[in-house]
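Let's take a guided walk through a protein chain together. Have a look at the picture first, turn it around a little, and then read on.

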Amino acid sequence: MNEFVYKLTLDLNCAKTPPVICSGQFDKGRKFEFTITANGEPYDVTGCSAVLKGVRTDGSHFAVECTVSDGKIIKTLDDTTLSVRGMTVAKLVISDSTKSYSTQKFIIDVDSSLDGDITVADDYSILNRLIEQIHALNESGAILIDDTIDKNSNNAVANRAVASALEENSKYTAAFVTKLGTNLFCPSNVINANIDGTNKVIVASPTSMLGYIKCNPNTTYTVIRNTPISSRFIIGSTEIEPTANVPVSVIKSQNTLTALTFTTDSSANYIVFYFYIQKYDGEYNQSFAENIMVAKGEVSEFVPYKETQILNEKNLPESVLNILTSSDNRFNTKSKIYGVTFRNSDTSSVCQRIGNAVGLKTDYVVGDNFQNGGKNNFDSIFPWCDIRRCNLIVDADGKKTVTYEDEEGFTVDGSNGNVMVEIPKFYSYREVLNGSEIWAITGEPKSGFTVEPAFIGNDGKELDYIYVGAYQFSGKSSETDIHSKSNEFVFTGIKLTQYRNSANKVNMQCLDFAVVHALQMLFVIEFADRDTDKYMQGVSYLPWFSSSNAPISAISDDRLTVTVSKVNRVTNLQAEQNVMVCQGTSKKQENLTIIDILENADDTVSITLDTAISSDIDISAGNVYIAGQAQKTGLCDTLSYHTGRISEENALSPFRYRWIENLWGNAWEILEGIRVKELKYYYTFNPAQYADTAVDDWSVSQINAPNQPYLGDDGKNRAWISTMGYDVNDRQIILPSACSTDGATDKYYSSALYTNYDVDKDGNELNTSTEYLCVFGGGYDHNKLCGLFTMRFWFADGKDSSSLHTSRLIYR
């Protein structure tokens with residue numbers, strides 16, 4: 001067997017980020033060739049000795065001598081070095097007669113996830129191809145029914161593809177393109193066919209409508225349609241053409257051809273397959289199919305759904321060719337690892353990309369303008385590429401009806417169900433090594449990775465998808481009618497129990513700690529930054545209702561125009577914003593919209609509203625004020641991209657991240673599944689426990705919450721989160737363990753933590769055994785302290801109603 005050599009460059013600057021390489025458990029004979037640098041410059045190791053030192057996941061250490069040759073350090077590992085699964089951390093120690101230097105660390109991800117079931121040594125050489133084929137069959141709906149995987153197995157469809165992996169001349173797999181919509185570089189189903197060693201094209205299951213498979217020129221192929229699995233697959237039947245609104249069963253019965261043999265010409269690169277599409281009502285609809293076919297404006301390049309064609313590469317639409325040839329698409333990114341690392345001692349919020357994320361770029365919009373040139377690699381990388389906006393209806397039995405944004409019937413007004421964001425299942429990894437954090441995501445099970453907690457259902461089984469409300473809760477002034485839809489006032493001011501009851505009425509839940517955890521991982525790894533504010537601060541700089549506001553001094557123009565002094569952020573008010581009238585610290589009239597603002601010569605502001613001030617509000621007492629409030633839902637619907645904010649005024653601008661609007665800022669969101677008691681974090685990922693009156697049966701984190709009751713800028717403000725704790729019993733949990741006075745944009749997490757324990761922010765003594773609910777993200781008055789990690793534990797259950805608080809629908 002030929003020798004495989006890992007070539008790795010290590011720097012003598014020990015602070016550099018550890019590179020990550022992968023190996024199988026008990027691999028033997030892996031050879032490493034190390035090049036040494038000093039701050040990026042070549043470093044001469046001639047005449048030095050070198051030792052490879054490391055620690056395995058189980059805490060055991062090793063130290064092995066290396067060979068120095070031709071300016072390189074060489075070491076071939078035996079199977080004991082890689083004997084423990086998980087992350088092995090290693091470094092080189094280089095010495096001469098006077099000095100000894102350590103290099104930066106590197107990480108070996110020792111994987112054993114595929115070793116348990118195959119015991120015959122000869123099978124290891126084909127293991128990867130077997131796994132790929134089996135995974136493809138699972139996705140397409142085929143089931144392996146035989147105990148033995150060989151070419152004589154009885155399952156003609158499923159096992160023929162598996163058997164082809166045993167053939168040394170198996171070359172190609174198909175790339176089927178389905179429901180592309182706006183994700184033009186991310187097909188939602190990738191492998192559905194295989195060309196075996198005899199050039200038979202096996203179509204496993206046509207869940208797609210249009211398929212492409214790479215082929216060789218001047219070669220004879222036989223396309224086989226398996227019935228009934230592939231009964232909607234059309235093979236070279238030019239006289240058969242779908243008819244709008246005719247049931248699929250009628251059309252497919254006319255096409256009895258189950259195989260087609262043909263020879264490609266000298267210029268052929270791809271074979272194209274066509275399928276019928278079956279709607280929910282069992283009828284074929286031409287416009288429905290065309291809208292979700294290949295790419296906007298390019299459908300006309302093909303005769304839809306007529307026959308199998310043989311095409312030259314130049315005849316393929318650019319969007320399809322990109323899918324087939326790009327290194328970044330759902331097929332080949334799902335198994336990769338995308339991560340970041342950062343040092344806890346570093347005040348900078350910026351992270352360094354690691355694994356397959358190295359060199360990747362992201363982007364977002366401000367208004368109509370991309371901020372980084374319009375290239376976001378994560379739009380073609382799983383799981384980000386499969387995050388989609390949709391309408392969701394869930395019946396009492398838990399049956400989902402999902403209508404995606406690019407499908408007929410989708411709407412943002414709530415008439416076709418709540419507007420939600422679908423997120424596919426992924427696996428996450430978090431580790432702290434000598435003060436450095438590592439966060440990583442992958443789309444498939446791997447050693448050291450755990451399914452993200454949000455994807456565990458009530459019954460303990462893994463979920464393929466979760467759904468998050470695209471908008472904050474909106475509805476009428478009653479918990480009986482709350483939903484996620486556009487162009488509605490955000491509903492605030494009721495308790496978590498009431499929000500929960502409302503969500504349950506549509507068979508959903510309220511936003512929880514598990515879902516927020518998943519979104520934190522997705523954002524930080526995509527942006528390689530823990531500071532969300534620099535990109536999207538959210539609506540966070542409006543005046544709060546308090547006695548520090550300037551009172552309304554006059555009402556005129558049929559009670560539509562009020563006059564106030566320009567103090568306490570009044571100058572931040574703008575036309576089309578939503579405001580309320582309050583008296584003292586009590587709200588009196590909500591959901592008013594500013595029509596116009598006029599600055600007067602006497603340092604006052606005249607504000608014209610769309611609705612008259614209520615006649616029972618008496619301004620003569622001098623304590624009636626104009627204050628901000630949460631802004632209406634759907635203001636980001638005008639954006640042309642899934643992520644960004646609507647204006648340059650960052651602290652006043654609604655935003656959305658991957659279709660989810662105002663995830664922080666605008667209104668605090670009460671979280672299910674996380675509470676603090678006696679400065680201990682209690683959490684659960686089981687929605688069945690959310691209504692528990694006490695946390696006795698919840699998990700208790702080994703991370704202690706800082707005692708941080710202060711809010712004001714009085715020198716006592718230690719609110720800035722500086723460190724997330726690390727619980728060796730549950731490494732995934734991300735919860736604050738330390739705060740600092742030194743925090744703002746670009747520093748740490750640029751988010752705040754508040755806890756109540758023995759005294760509140762005003763010095764009043766508290767009952768130290770109280771359980772405090774969590775509100776998340778920050779509100780419209782919270783300024784730079786809003787963020788994706790901001791949490792406030794100030795409100796006991798039953799005392800959590802506030803005009804600053806709302807929630808958000810989820811379904812998992």
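Among contacts in the protein chain between residues at least 6 apart in sequence, what percentage join residues at least 24 apart? The answer is 68%. Keep in mind as you explore that this is a predicted model.

Now for the chain as a whole. It has 812 residues, and 54% of them count as buried. Its secondary structure comes to eight helices and 53 strands. The chain exposes about 33200 Å², with carbon and sulfur atoms supplying 45% of that area.

Let's zoom in on one group of strands. Five of them form an open sheet with antiparallel pairing, and their order is 22-21-29-28-30. At the edges you will find strand 22 (352–355) and strand 30 (450–451), each of which pairs on one side only. Inside this sheet, try tracing strand 28 (residues 427–433) and strand 29 (residues 436–442), which are joined in the antiparallel sense by seven bridges. One pair to look for is Y427 with its bridge partner in strand 29, T442.

What lies across strand 29 and some of the other strands here? It is helix 8, which lies across strand 21 (337–343), strand 22, strand 28 and strand 29, and runs at about 105° to strand 29. Helix 8 covers residues 513–527, which makes 15 residues. From its first C-alpha to its last it reaches 21 Å, close to the 21 Å expected at 1.5 Å a residue. An α-helix has 3.6 residues a turn, so residues three or four places apart point the same way. Is helix 8 mostly covered or mostly open? It is mostly covered, as 15 of its 15 residues are buried. Just after helix 8 comes A528, whose phi is positive, near 50°.

Next, let's follow the charges. Side chains of opposite charge can pair when their charged atoms come close. How many salt bridges does a search of the whole structure find? There are 17.

One of these joins D27 and R30, whose closest N and O atoms are 2.7 Å apart. D27 counts as partly exposed because its relative accessibility is 21%, and buried means under 20%.

Another salt bridge links D637 with R389, and here the closest N and O atoms are 3.8 Å apart. D637 sits in the loop between strand 40 (624–628) and strand 41 (644–645), while R389 belongs to strand 25 (residues 388–394), so the pair ties together parts that are 248 residues apart in sequence. How covered are the two partners? D637 is partly exposed, with a relative accessible area of 28%, whereas R389 is buried at 8%.

A third example is the salt bridge between E669 and R808, with 2.7 Å between the closest N and O atoms. This pair, too, links distant parts of the chain, as its members are 139 residues apart. E669 is in strand 44 (residues 668–677), and R808 is in the loop between strand 52 (805–806) and strand 53 (809–811). E669 is buried, with a relative accessible area of 0%, and R808 also counts as buried, at 0% relative accessibility.

Finally, salt bridges can share partners: D379, E526 and R658 are joined into one network in this way. E526 brings us back to a place we have already visited, helix 8, which spans residues 513–527.

Conventions. Residues are numbered from 1 along each chain as its sequence is written. This is a predicted model: local features need pLDDT of at least 70, side-chain atom pairs count only at pLDDT 80 or more; totals for chains, interfaces and linings use all residues. Side-chain values use heavy atoms; hydrogens and water are left out. Helices (H or I, at least four residues) and strands (E, at least two) are DSSP runs, numbered from the N terminus. The expected span of a helix is 1.5 Å times one less than its number of residues. Buried means under 20% relative accessible area, exposed over 50%, partly exposed in between (1.4 Å probe, protein chains only). Contact means heavy atoms within 4.5 Å. Accessible areas come from the Shrake-Rupley method with a 1.4 Å probe; for residues, only the protein chains shown count as cover. A salt bridge is a side-chain nitrogen of Lys or Arg within 4 Å of a carboxyl oxygen of Asp or Glu. Two strands pair if DSSP finds at least two bridges between them. Axes are lines fitted to C-alpha atoms, for helices over the stretch in contact, and angles run from 0 to 180 degrees between N-to-C directions.
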